[in-house]
Amino acid sequence: RYGVNLDDPENYDLIVDKDNSIKKVQVKSTSCRTKYGSYQVSLKSCGGTKGKTYKTVIETNIDELFILTENMNMYIIPIKQIKNKSTLSICDIYEKYRVL
């Protein structure tokens, strides 16, 4: 069972109810690549006229990060596995979180 959050103020985009466990999930997509060819996704939210960062993924109360790359690879990464604040390069250490 899935729920969709249509209000932006919440930190999560989806609520996933699987095996009697509720998970708050934030969704990110990317077509950006590093100079080494790995996909990279922004972990921060910016806004206002100066583009000031107002929150990062690891500072929110979510359980998982769902990432979709332009080549349609999908990853579900537990938030506790993410240490970066601004960007995440989807390299070999995250391959185990790839959805097949």
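A residue is counted as buried when its relative accessible area is under 20%, and Val-41, with a relative accessible area of 2%, is therefore classed as buried. This assignment, like every other value reported here, was computed from a predicted model.

The overall architecture is considered before the individual residues. The protein contains zero helices and 10 strands, and the succession of elements along the sequence accordingly reads β-β-β-β-β-β-β-β-β-β. Of its 100 residues, 31% count as buried. When contacts between residues at least 6 apart in sequence are considered, 42% of them join residues at least 24 apart.

Strand pairing was examined around S3, which spans residues 21–30, and S7, which spans residues 64–69. Strand S2, comprising residues 14–18, is joined to S3 by five bridges, and the two strands run antiparallel; within this pairing, Val-16 stands opposite Lys-23 of S3. S2 and S3 form a hairpin in which two residues lie between the strands, and Asp-19, located in the turn, has a positive phi of about 55°. S3 is also joined to S7, in this case through six bridges and with the strands running parallel. Two positions illustrate the register of the parallel pairing: Lys-28 stands opposite Ile-67 in S7, and Ser-29 has Leu-68 in S7 as its bridge partner.

S7 in turn pairs with strand S8, residues 74–78, in the antiparallel sense over five bridges, and one of the residue pairs involved is Phe-66 with its bridge partner Ile-76 in S8. These two strands form a hairpin with four residues between them, and Met-72 in the turn has a positive phi of about 75°. S7 itself is mostly covered, since five of its six residues are buried.

The interior was then examined for clusters of nonpolar side chains. In soluble globular proteins, nonpolar side chains tend to be buried together. The largest nonpolar core in the model has 15 residues, and those with the most contacts inside it are Leu-43, Ile-67, Ile-77, Ile-82, Leu-88, Ile-90 and Tyr-94. The elements that give two or more residues to this core are strand S4 (39–42), S7, S8 and strand S9 (87–90). With neighbours within four places in sequence left aside, Leu-88 is in contact with Tyr-39, Gln-40, Val-41, Leu-43, Ile-67, Ile-77 and Tyr-94.

Val-41, introduced above as a buried residue, is found in strand S4. Residues up to four places away in sequence not being counted, Val-41 touches Lys-28, Ser-29, Thr-30, Ile-67, Ser-86, Thr-87 and Leu-88. In the case of Ile-67, which is 26 residues away from Val-41 along the chain, the C-alpha atoms of the two residues are separated by 8.0 Å.

Thr-30, one of the residues touched by Val-41, is found in strand S3 and is likewise buried, with a relative accessible area of 8%. Apart from its neighbours within four places in sequence, Thr-30 is in contact with Tyr-39, Gln-40, Val-41, Ile-67, Leu-68, Thr-69 and Glu-70. In addition, a polar atom of the Thr-30 side chain lies 3.0 Å from the backbone nitrogen of Cys-32.

Cys-32 is partly exposed, with a relative accessible area of 40%, and Cys-91 is also partly exposed, at 32%. A disulfide is a covalent bond between the sulfur atoms of two cysteines. A search of the whole structure finds zero disulfides, and neither Cys-32 nor Cys-91 is therefore assigned to such a bond in this model.

Charged side chains were considered last. Side chains of opposite charge can pair when their charged atoms come close. The count of salt bridges comes to one, and the pair concerned is formed by the side chains of Arg-98 and Glu-95, with a nitrogen-to-oxygen distance of 3.1 Å. Because this distance falls within the 4 Å allowed between the side-chain nitrogen and the carboxyl oxygen, the pair qualifies as a salt bridge. Both participants are partly exposed, Arg-98 having a relative accessible area of 32% and Glu-95 one of 36%.

Key: Residues are numbered from 1 along each chain as its sequence is written. This is a predicted model: local features need pLDDT of at least 70, side-chain atom pairs count only at pLDDT 80 or more; totals for chains, interfaces and linings use all residues. Side-chain values use heavy atoms; hydrogens and water are left out. Buried means under 20% relative accessible area, exposed over 50%, partly exposed in between (1.4 Å probe, protein chains only). A polar contact is a pair of N or O atoms within 3.5 Å; within protein, one must be able to donate a hydrogen and the other to accept it, and residues adjacent in sequence count only if both atoms are side-chain atoms. Contact means heavy atoms within 4.5 Å. Two strands pair if DSSP finds at least two bridges between them. A nonpolar core is a set of buried Ala, Val, Leu, Ile, Met, Phe, Trp, Tyr and Cys residues joined through side-chain atoms within 4.5 Å. A disulfide is a pair of cysteine sulfur atoms within 2.5 Å.
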